[in-house]
Amino acid sequence: MLEVVDLECVRGDRRLFTNLSFSLSKGELLYLYGHNGSGKTTLMRAICGLLQPTEGEIRWDGEPIRELSEEYTREVLYIGHKNGIKDDLTALENLRVLSTLDGVHITEEQAWDALKRIGLHGFEDLPTQVLSQGQKRRVALARLLAHQARLWILDEPFTALDKAAVEMLQQVIREHLDRGGMAFLTTHQEVELTAGQVKQLQLGKGGQGCV
Amino acid sequence: MFETFLAIVKRDLILAMRRRSDVLTILFFFVIVVSLFPLGIGPEMNTLRLIAPGVVWVAALLASMLALERLFAIDYADGALEQMLLTPQPLSLLVLGKVTAHWLVTGVPLVLMAPVLGIQYDLSLDGLRVLVITLLLGTPALSLIGAIGAALTLGLRGGGVLVSLLVLPLTIPVLIFGAGAVEATVSGLGGEGHISMLAAILVMALFFAPLAAAAALRVSVE
Amino acid sequence: MSSRIVNWFKFSSPATFYPLAGRLIPWFTAAAVITLGVGLYMSFFVAPTDYKQGEGYRIIFVHVGTAWMSMFIYVVMAAWAGLGLVFNTRVSAMMASALAPTGAMFTFVALWTGALWGKPMWGTWWVWDARLTSELILLFLYLGFIALQSAIDDPRRADRAGAILAIVGVVNIPIIYYSVQWWNTLHQGASVTVSGQSSMETVMLWTMLIMTFGFWFYAIAVVLARVRCIILERERDTTWVRELEGEVQ
């Protein structure tokens with residue numbers, strides 16, 4: 001379980017949010033929204049452990065993530081604004097290298113399958129340089145299929161994706177939640193996933209808190 | 001753990017091979033700088049023989065500073081670096097892997113090219129041998145120490161110049177023992193003492209630099 | 001509950017440190033004026049003329065003190081920076097940033113006075129003497145620290161990056177010093193030696209010590225004043241600084 005207690009983050013001179021507390025348990029999706037610059041990405045990076053909050057604490061199963069370090073990063077998968085894939089490597093190479101670094105062993109076959117499912121059939125062996133934005137995004141998202149992380153942190157995962165891909169990604173997230181995973185999501189797009197009964201958190205103007 | 005190290009070395013080597021021109025630029029820089037000195041100083045062979053170790057070593061130092069920019073910057077720009085910070089691997093191991101690959105593609109060519117340049121300066125055979133040995137021990141130390149500076153200046157304005165300002169003073173011992181060994185050999189004093197000091201510096205750098213660079217990366221990626 | 005206490009502690013420390021520093025500054029300034037006054041009087045009028053070096057040697061009363069300070073301040077700076085890095089205390093990082101310019105200034109003065117001394121003693125402004133060379137490298141280290149901190153906009157990143165650099169520098173200083181000495185003895189032999197230092201008279205030693213204390217008090221006063229400025233700049237959005245402004249207006 002993820003708990004955020006009295007979190008405060010400052011970027012430059014600006015205090016983005018303060019006294020922010022919420023929690024996320026098994027099988028839950030948290031939809032984070034707010035206007036541009038309200039601190040969504042900062043919050044996500046803080047929860048990943050990339051960014052040190054100025055105040056407060058983030059706990060994973062009751063332990064502060066600072067102390068868990070590598071035990072925690074094993075449980076987390078972050079897809080940020082930047083895809084984190086190398087333009088000079090093929091989709092397949094990218095996926096395999098990232099998986100090795102993640103400490104997940106996937107066979108070549110599993111990698112082909114994941115790329116096929118994410119809709120990159122026929123593009124597996126091309127340098128990602130020649131792929132479109134949406135296809136690059138798909139390469140990054142293919143990690144979701146090849147990873148055992150319990151907590152997914154997805155910062156605008158739907159950008160540049162076409163309709164079919166958006167549908168498919170939502171399906172992937174639903175399956176993850178059904179398996180008892182947790183997901184933390186921002187998006188400016190209207191998607192079914194965030195419309196129903198999900199935990200919501202608004203940052204910036206118009207309130208701060210969990211619904 | 002070793003598997004991760006190999007994976008990152010292999011990844012960076014593949015990337016470097018697909019962008020060969022970057023690597024060649026650094027080698028050309030090294031060759032050109034060394035070749036400029038006789039033009040500035042004059043073709044007097046006795047003088048050239050005297051300054052050869054220093055010139056080759058200073059040029060190697062500058063070339064490796066130039067190469068530092070590509071160590072983390074590209075991974076930082078495309079987000080691969082932040083993903084590395086989030087893997088369940090010790091970050092200092094990943095840094096060591098990256099530095100190893102970086103040295104293989106930027107340091108080793110300098111070592112291989114150095115004897116050719118030494119001949120231009122009429123260095124003796126013994127001198128050339130020691131020059132290669134010292135560069136072989138010294139260039140990885142330069143890459144390791146430089147990694148700290150590269151990590152600290154990641155994404156800053158004027159990062160390239162700043163990195164030299166931060167790193168060059170720290171590399172002075174490597175320069176002193178490296179060039180000193182060649183000079184001592186040429187003048188018949190024997191460079192063994194210098195070489196063992198250089199080896200000691202490399203061992204220390206291997207141990208401490210990845211830790212410091214990893215800490216610096218965490219600060220810079222935030 | 002415990003996190004609350006930490007909260008309060010961290011928040012208030014610049015606020016409590018600011019007036020404390022303000023109260024200390026006059027004392028240290030006064031101490032600096034007195035000791036430097038006494039020290040300078042002794043250097044010019046009490047200490048005897050050196051039988052070998054004449055009157056010119058008197059510059060060492062400034063030179064030695066500043067050289068000591070330049071090295072000592074770097075270590076103190078690294079210690080503060082390391083403290084800030086480990087315990088995440090903001091005032092210690094600010095202390096490190098405040099120390100750097102003073103340390104660089106002492107290093108520069110040590111080099112300058114060394115050159116002035118070298119001209120009559122060695123007949124040249126600059127020799128590649130081991131100590132002079134190390135001092136020059138120390139100046140580069142200070143400048144690197146200042147340049148790095150000023151290149152980073154985000155103060156938190158500047159603090160932490162500077163701290164890492166300072167610590168790496170401190171680890172390196174003995175190696176640099178040793179290598180420079182090795183290099184120097186190989187190149188020059190022991191051609192440059194300072195005459196009469198071992199048989200230094202007690203008066204000279206005392207003068208030197210008093211001058212060094214004077215530099216100490218000066219450094220503390222200046223650093224405290226500078227850290228107050230840094231605190232105000234960094235904490236300008238907090239309520240306590242606003243209240244302070246209100247009092248002034």
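Helix α6 of chain B, residues 125-152, packs against helix α8 of chain B, residues 172-186, at an angle of about 175°, and their axes are 9 Å apart. That angle is why α6(B) counts as roughly antiparallel to α8(B). Bear in mind while looking around that this is a predicted model. On the α6(B) side, the residues that meet α8(B) are Asp126(B), Gly127(B), Val130(B), Leu131(B), Thr134(B), Gly138(B), Ala141(B), Leu142(B) and Ile145(B). Facing them from α8(B) are Val174(B), Gly178(B), Ala181(B), Val182(B), Thr185(B) and Val186(B). Sort this contact by class and you get 9 nonpolar, 5 polar and 1 charged residues.

Now hop over to chain C for another helix pair. Here α2 (residues 60-87) and α4 (residues 130-151) have axes that come within 11 Å and cross at roughly 40°. With that crossing angle, α2(C) is therefore oblique to α4(C). As for the hand, α2(C) passes α4(C) in a left-handed crossing. If you want to click through the residues, α2(C) brings Ala67(C), Ser70(C), Met71(C), Ile73(C), Tyr74(C) and Met77(C). Their partners in α4(C) are Glu135(C), Leu138(C), Leu141(C), Tyr142(C) and Phe145(C). The class split for this contact is 9 nonpolar, 1 polar and 1 charged.

Next, how do the chains meet? Chain C puts 28 residues in contact with 27 residues of chain B. Between them, chain C and chain B bury about 2500 Å², and carbon and sulfur atoms give 75% of that area. Three residues stand out on the chain C side: Arg157(C), Ile164(C) and Trp182(C) supply 24% of the area that chain C buries against chain B, more than any other three residues. There are also 3 salt bridges between chain C and chain B. The side chains of Arg160(C) and Glu222(B) meet in a salt bridge, with an N to O distance of 3.3 Å.

Chain B also meets chain A. That contact takes 29 residues from chain B and 29 from chain A. The buried area for chain B and chain A is about 2600 Å², with 52% of it on carbon and sulfur atoms. Leu86(B), Pro88(B) and Glu222(B) supply 28% of what chain B buries against chain A, again more than any other three residues. Glu222(B) is worth a second look, as it is also the salt-bridge partner of Arg160(C). Between chain B and chain A the salt-bridge count is 5. Glu82(B) and Arg45(A) form a salt bridge, and their closest N and O atoms are 2.7 Å apart.

Over all chains, the structure holds 27 salt bridges. Inside chain A, Asp61(A) forms a salt bridge with Arg150(A), the closest N and O atoms being 3.2 Å apart. This pair links distant parts of the chain, 89 residues apart. Asp61(A) sits in the loop between β4 (55-60) and β5 (63-64), while Arg150(A) is in the loop between α6 (133-141) and β7 (151-155) of chain A.

Arg150(A) has another neighbour to check, Glu75(A). The two are 75 residues apart in sequence but 5.2 Å apart in space, C-alpha to C-alpha. You'll find Glu75(A) in the loop between α3 (70-73) and β6 (76-79) of chain A. Setting aside neighbours within four places in sequence, Glu75(A) is in contact with Trp60(A), Ala149(A), Arg150(A) and Leu151(A).

Notes. Residues are numbered from 1 along each chain as its sequence is written. Chains are lettered from A and ligands numbered from 1 in the order in which they are written. This is a predicted model: local features need pLDDT of at least 70, side-chain atom pairs count only at pLDDT 80 or more; totals for chains, interfaces and linings use all residues. Side-chain values use heavy atoms; hydrogens and water are left out. Axes are lines fitted to C-alpha atoms, for helices over the stretch in contact, and angles run from 0 to 180 degrees between N-to-C directions. Helices (H or I, at least four residues) and strands (E, at least two) are DSSP runs, numbered from the N terminus. Angles under 35 degrees count as roughly parallel, over 145 as roughly antiparallel, 65 to 115 as roughly perpendicular and the rest as oblique. A crossing is left-handed if the near helix is turned anticlockwise from the far one by less than a right angle, and right-handed if clockwise. Contact means heavy atoms within 4.5 Å. Ala, Val, Leu, Ile, Met, Phe, Trp, Tyr, Cys and Pro count as nonpolar, Asp, Glu, Lys and Arg as charged, and the others, Gly among them, as polar. Buried area is the accessible area (1.4 Å probe) that two parts lose on being put together, summed over both. A salt bridge is a side-chain nitrogen of Lys or Arg within 4 Å of a carboxyl oxygen of Asp or Glu.
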